[in-house]
Amino acid sequence: MKRAGTLRLLSDLSNFSGAARLRELLAGDPAVRVRCSPDGRHLLLLRPPGSPAPQLLVAVRGPGAELESSWPPGQPSPLDAFLLPWPARSALVLVWESGLVEVWGSGVGPGWRLLQSTELCPGDGARVVAVAAPRGRLVWCEERQAGAEGPLGPPAVAFSHCVCVRTLEPSGEAGTNLGSTHILLHHCPAFGLLTSRKDLFLVPTVNTWPGLGHILLIWSPSKGKVVVAAPCLGLSHSKSLNPGRGDTWDFRTLLRGLPGLLSPRQPLTVHTWAPTPQGLMWLDFRGTVSLVQPHGGSRTVGTVQEAPASLAGSAALGTFHGTLACVLGSTLELLDMGSGQLLERKILSTDRVHLLETPAPGMEDQEELEARGGLRLLSAVGLFQVGWKTPQSLELPSAEDMVFEEACKYYQRRSLWGAQLTPEELRHNSTFRAPQALASILQGHVSPSALLTTLRAELRDYRGLEQLKAQLVAGDEEEAGWTELAEHEVARLLRTELIGDQLAQLNTIFQALPTAAWGAILRVLQLQPDGNGHLKSHAPPDVWKKVLGATAAGKEPPNGILPPFELLCQCLCRLEPQWLPPFVELAQQQGGPGWGAGGPGLPLYRRALAVLGEEGTRPEALELDLLLGSGRPKAVLQAVGQLVQKEQWERALEAGLALSPSSPLLRSEIFKLLLAEFARHRRLDAHLPLLCHLCPPDLAPAELLLLLRTYLPDELEPPAPFPEPGAEPPLTVGLLRALLKQTGTQGRASGPVLSLYEDILWDPDTPPPTPPRVSALQASDHPGLEAWAPSGQGLYVTDTG
């Protein structure tokens with residue numbers, strides 16, 4: 001039965017950010033260069049220099065902000081742009097002809113952010129003519145001026161280029177690591193650079209010397225070799241080229257050592273190049289599609305009915321399921337790659353069509369999984385899948401479904417767990433990864449060698465675990481064996497969803513082998529002391545999210561089972577109680593919304609206090625440290641109140657001084673609390689300098705005295721000149737002088753004295769200013785105050801009371 005080709009709409013582009021601008025560029029500019037990120041979420045559109053703004057657009061499917069950029073006339077625009085598949089975030093690389101490179105990232109803040117800017121070829125006047133970004137690398141072909149590669153005569157002008165490479169990898173959350181430059185080829189012609197998932201193709205261009213226009217190179221970084229091929233001659237030679245070992249080649253020396261390659265031949269007449277998983281394809285002006293495989297062999301795939309008339313016509317090539325798709329203008333032709341037979345020919349509604357690469361293995365989302373098995377076609381109308389429609393009567397269960405059903409039976413036989421496993425659970429549960437990897441192999445997306453690399457660590461752990469079990473059965477080194485087994489089990493459980501039986505198992509291990517369990521936590525969370533009494537961690541956020549997760553509101557853990565965070569706090573209390581407050585402080589820094597640290601539930605310090613027991617039965621030192629380290633105003637005030645009750649004045653003052661200037665209200669409350677104690681007794685006098693430092697900077701002397709008057713005890717009798725024996729000495733002006741001086745010097749404006757009490761702060765060697773004259777009538781209106789009156793010989797004080 002004949003298959004029928006289908007075009008299935010995947011998206012009308014409305015789910016992409018900047019959808020209107022995206023449709024406008026796709027419909028209006030036939031020369032726009034389109035690239036898709038390996039995960040299929042980002043579309044990059046780069047217009048040629050001199051185009052109207054914007055010249056660069058990065059659209060994001062789903063949540064995320066688009067990026068638009070343009071460069072004014074006279075300012076160079078990027079030569080090329082690439083989207084990189086970095087794990088933590090998406091990255092955009094822009095490369096200019098001058099060698100300038102900019103790396104932009106998303107996911108490290110709102111929108112896009114410049115991560116790094118550097119020069120590929122600084123200071124030697126070189127010019128970048130082509131660039132590519134294979135996995136983890138940046139490769140470019142640059143033209144060097146005379147003097148950089150030696151004096152150039154007329155024949156040598158054809159060999160005035162070189163091909164260089166630098167590693168390009170992410171570094172931390174918001175950084176990049178660009179390695180040193182290594183030259184792959186010296187004295188080579190101008191090459192265009194094209195990349196597939198495994199190989200880099202160096203192809204001739206219109207500027208390549210005609211005598212070399214029939215030669216192309218295939219570099220395989222993973223194999224450390226380069227293949228020099230001449231498809232029209234049927235020749236290919238392989239040489240070692242591994243930058244890690246310092247390999248480099250002079251192109252002229254390389255060709256002289258490969259016989260037959262320089263036979264007189266016409267250059268390749270190529271209209272369109274297209275890297276594919278099978279190798280490098282090209283379409284010539286006769287309509288013939290040829291394929292060069294990674295080992296250098298070449299063959300003709302087929303001939304399309306409508307050959308391109310000139311370079312101005314648009315064309316695109318792609319492959320899927322043994323089928324070649326060729327888009328020429330508004331015509332789509334599907335050919336069998338084995339026989340070259342034309343299978344179907346369709347007329348499209350537009351000639352502005354782009355074929356997109358399929359997402360990288362393991363990076364597909366649900367939409368890509370549904371579209372797997374076809375080729376993606378992009379136009380202003382939308383994103384389509386090109387595939388084959390199979391009759392309903394011929395549809396069979398997929399190999400993926402059969403793998404998961406068989407895996408359910410296998411795991412059920414070996415498991416002691418009473419619950420029934422289902423294929424859906426195996427698909428989405430991270431505990432069972434082998435069926436997922438096997439299903440990917442059967443679909444052709446992961447090679448067996450790639451699977452072995454992915455599972456090598458798990459296979460090594462599995463083998464070590466089996467040896468450990470045999471050792472325990474034999475009774476050899478039981479204590480060390482149980483410790484190692486507990487560490488393995490804790491690490492495994494932290495990779496699963498900690499609910500139900502998994503959480504109960506984790507509680508059991510911590511109760512039976514707390515030391516070994518805590519050792520595993522140290523490794524998983526990567527906890528290290530920083531030398532200042534604090535802890536630091538380099539664990540990823542996903543691990544902390546599992547550790548800090550709390551139970552649902554109103555649902556207590558069954559049978560006394562503790563959530564992971566409470567379990568770790570309890571273990572620390574038993575083993576290393578002095579590290580509990582630093583651990584809680586670190587956890588508060590790691591928490592996110594809904595993790596138990598920044599969500600609507602209890603704050604982490606209260607969850608840790610609950611582990612210590614009921615109020616009144618907790619260890620006082622730990623409770624104080626947890627309250628002070630919480631950063632919550634009520635908790636800090638509660639801790640300072642307890643320190644005041646214990647008369648630990650210095651620690652109470654240090655707790656207030658440790659607060660950052662961004663907490664002025666909390667510092668002010670602590671100052672008022674300690675000022676009240678200072679007014680009532682003299683046990684704080686020895687710590688008066690610290691109290692002065694804690695004084696709020698905006699407090700005026702008059703406000704300070706009013707506060708003191710509020711806190712001073714009421715006097716039932718007139719004050720005596722000296723305190724009675726055994727009585728508490730009263731607060732004196734001498735003690736107040738330091739506090740008043742602190743308030744009077746901060747923000748004090750120059751000019752006349754504005755406060756009635758600022759004369760206390762004057763230097764005793766300087767006479768005070770002349771006070772205003774007060775008439776007898778005015779003095780009588782204020783009984784109990786001292787009235788100043790003039791005298792022939794000076795000033796005297798009269799007490800009107």
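## Exercises on charges, a helix and a loop

Arg-245 and Asp-247 form a salt bridge, with 3.5 Å between the closest N and O atoms. The model is predicted.

**Exercise 1.** Classify Arg-245 and Asp-247 as buried, partly exposed or exposed.

*Solution.*
- Take the cut-offs: buried is under 20% relative accessible area, and exposed is over 50%.
- Arg-245 has 57% relative accessibility, so the residue counts as exposed.
- Asp-247 has a relative accessible area of 18%, so this partner is buried.

**Exercise 2.** Find how many salt bridges the whole structure holds, then work out which parts of the chain Arg-127 and Glu-97 tie together.

*Solution.*
- A search of the whole structure gives 17 salt bridges.
- One of them pairs the side chains of Arg-127 and Glu-97, at 3.6 Å from N to O.
- Arg-127 belongs to strand β10 (residues 127-132), while Glu-97 sits in the loop between β7 (91-95) and β8 (100-106), so the pair links parts 30 residues apart in sequence.
- Check the exposure. Arg-127 is partly exposed at 33% relative accessibility. Glu-97 is partly exposed too, at 40%.

**Exercise 3.** Describe the Lys-346 and Glu-344 pair, then name the residues joined into one network by shared partners.

*Solution.*
- The side chains of Lys-346 and Glu-344 meet in a salt bridge at 3.1 Å, N to O.
- Lys-346 has a relative accessible area of 22%, which makes this residue partly exposed.
- Arg-21, Glu-24 and Glu-68 form one network through salt bridges that share partners.

**Exercise 4.** Place Arg-197 in the chain and state which surface patch includes this residue.

*Solution.*
- Arg-197 lies in the loop between β15 (191-195) and β16 (200-204).
- With 37% relative accessibility, Arg-197 is partly exposed. A patch residue needs over 30%.
- Arg-197 joins Arg-135, Lys-198 and Lys-223 in a positive surface patch.

**Exercise 5.** Compare the span of helix α10 with the expected value and list its buried residues.

*Solution.*
- Helix α10 covers residues 514-525, twelve in number.
- From first C-alpha to last, α10 reaches 16 Å, close to the 16 Å expected at 1.5 Å a residue.
- The buried residues of α10 are Pro-514, Ala-516, Ala-517, Trp-518, Gly-519, Ala-520, Ile-521 and Leu-525.
- Gln-526 follows α10, with a positive phi near 55 degrees.

**Exercise 6.** Locate Gln-648 and give the C-alpha separation from Leu-684.

*Solution.*
- Gln-648 is in the loop between α16 (633-645) and α17 (649-657).
- Gln-648 is partly exposed, with 32% relative accessible area.
- The C-alpha atoms of Gln-648 and Leu-684 are 9.8 Å apart, with the residues 36 apart along the chain.

Definitions and conventions
Residues numbered from 1 in each chain as written. Predicted model: local features only at pLDDT ≥ 70, side-chain atom pairs only at ≥ 80, totals over all residues. Heavy atoms only, no water. Patch = residues over 30% accessible without salt bridge, like charges linked within 9 Å, V, L, I, M, F, W, Y side chains within 5 Å. Areas by Shrake-Rupley, 256 points an atom, 1.4 Å probe, with all protein chains shown as cover. Salt bridge = Lys/Arg side-chain N within 4 Å of Asp/Glu carboxyl O. Lys, Arg positive; Asp, Glu negative; His and termini not counted. Charge placed at Lys NZ, Arg CZ, Asp CG, Glu CD. Helix = DSSP H or I, 4+ residues; strand = E, 2+ residues; numbered from the N terminus. Buried < 20%, exposed > 50% of the residue type's maximum accessible area, 1.4 Å probe, protein only. Expected span 1.5 Å × (residues − 1).
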